[in-house]
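User: I would like a close look at one part of this model, with its surroundings described in connected prose.

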Amino acid sequence: MASHRRPKQQTRSFATALSVTAAAAVALSTQSASADPLPDPNKRGVKAQVDRLYEEATQATEKYNGAKEKSDGLQKQVNDLQEATAREQAELNELRGSLGAAAAAQYRSGGLDPSVQLFLSADPDAYLEQASGLDRISSRQATALEQYLKQQRALQQQRSQASQKLKDLDDTRKELGTKKKEIQGKLAEAQRLLNTLTAKERAKITDEEDRANRSSDRVDLGNEASASQRTASAFSAAKSRVGMPYVWGATGPNSFDCSGLTSWAFQQAGVSIPRTSQAQANAGTRINSLSALKPGDLIIMRSDLSHVGFYAGNGQILHSPKPGAQVRYESIARSGMPFMWGVRIS
């Protein structure tokens, strides 16, 4: 059986105030269930409430991540439509200019060609249909006018699409703001509850969380040789991040939320997977049994599919679990989150 040692981590000046604060006062992990309880039952209630708030915050984070991914996609679509509209408008202006010059020349020579009347008509489509039937305009002029009308319709359609995408983008950004406030509110409430504990009680909680983080120093992972090359590469990238802090909405390389770690790791292997845990749950081949998992497979946790990590072998998960915690190995059975299924990225 192979053993894994966590590489020595460099000093992290990048750690956010949220991570530092939460690390100093995080709720008890389910891994520490065997530790001596605090004597005051009310204090145990505080810790349970904080654990629940942190879990709800991580669930809200995945919803925020989904809205952020949608917002980014919409922004790209809007940018593409606006660029296409600008190009179409420039081409239309150029065509209009050439047709206008032809109209001026014909007027100076003593009259307006029927094709120019078409250009000036209040209903160009109807006029064009009639004029074509009567063979009253030249082939070249008809082609130019048909092109103009086609580009004009395309421009109107692009403007309409861009307007709708802008509305969708505005709605999505409002959703982002709502989710952000929800996450920040839950973290603030957790901190308020932790502040009701004494310094000694907070130190006890911090020590227990530190022990959970340090449990990654030596973990028996079993045989890792069965993973595919790309999966093995992604898993290796994730292992290099052990000790990095959980920060909601973060995608690395120096801090992560749960799906931020998995998507970043696969990106290092040249594989693109969706951003959120819910989308990652359907990103590959589903593995329904824990016993059938291979190291590097994704593990989907919780009934709402709001948590994801890497199967590390020997019943262990490598993940970024919650506020105040670090990327670490943990027993799946003691993680406090129900296993739903695994996902093998091919």
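Which residue in E6 is the bridge partner of tyrosine 311?

Analyst: The bridge partner of tyrosine 311 in E6 is isoleucine 317. The model is predicted, so local features are described at pLDDT of at least 70 and side-chain atom pairs only at pLDDT 80 or more, whereas totals for chains, interfaces and linings use all residues. Residues are numbered from 1 along each chain as its sequence is written, and side-chain values use heavy atoms, without hydrogens and water.

The protein chain holds nine helices and eight strands, taken as DSSP runs (H or I of at least four residues for helices, E of at least two for strands) and numbered from the N terminus. Of its 346 residues, 45% are buried, meaning under 20% relative accessible area with a 1.4 Å probe, protein chains only.

Strand E6 covers residues 316-319, and it is joined by three bridges to strand E5, residues 307-313, in an antiparallel arrangement; strands count as paired when DSSP finds at least two bridges between them. Besides the partnership of tyrosine 311 with isoleucine 317, phenylalanine 310 stands opposite leucine 318 in E6. The two strands make a hairpin with two residues between them, and in that turn asparagine 314 has a positive phi of about 55°.

E6 also pairs with strand E7 (residues 328-331), again in the antiparallel sense, over four bridges. Isoleucine 317 here stands opposite glutamate 330 in E7, while histidine 319 has arginine 328 as its bridge partner in E7. Isoleucine 317 is therefore a point where E6 can be followed to either neighbour, with tyrosine 311 for E5 and glutamate 330 for E7.

In a regular strand the side chains alternate between the two faces of the sheet. Within E6, Gln316 and Leu318 point one way and Ile317 and His319 the other way, and all are buried. E7 is likewise covered on both faces, with Arg328 and Glu330 buried on one side and Tyr329 and Ser331 buried on the other.

These strands belong to an open sheet of six strands in the order E3-E8-E4-E5-E6-E7, with antiparallel pairing. Its edge strands are E3 (285-287) and E7, each of which pairs on one side only. From one strand to the next the twist averages 40°.

Across E4 (298-301), E5 and E6 lies helix H8, which runs at about 55° to E5, with axes fitted to C-alpha atoms and angles taken from 0 to 180 degrees between N-to-C directions. H8 is mostly covered, since nine of its 11 residues are buried, including Leu261, Trp264, Ala265 and Phe266. The helix is followed by glycine 270, whose phi is positive, near 80°.

H8 (residues 258-268) also packs with helix H7 (residues 229-239), their axes coming within 7 Å and crossing at roughly 125°. That angle makes H7 oblique to H8, as it falls outside the classes under 35 degrees (roughly parallel), over 145 (roughly antiparallel) and 65 to 115 (roughly perpendicular). Thr231, Ala234, Ala237 and Ala238 in H7 meet Leu261, Trp264, Ala265, Phe266 and Gln268 in H8, where contact means heavy atoms within 4.5 Å. By class, seven of the residues in this contact are nonpolar, two are polar and none is charged; Ala, Val, Leu, Ile, Met, Phe, Trp, Tyr, Cys and Pro count as nonpolar, Asp, Glu, Lys and Arg as charged, and the others, Gly among them, as polar.

Definitions and conventions. Buried means under 20% relative accessible area, exposed over 50%, partly exposed in between (1.4 Å probe, protein chains only).
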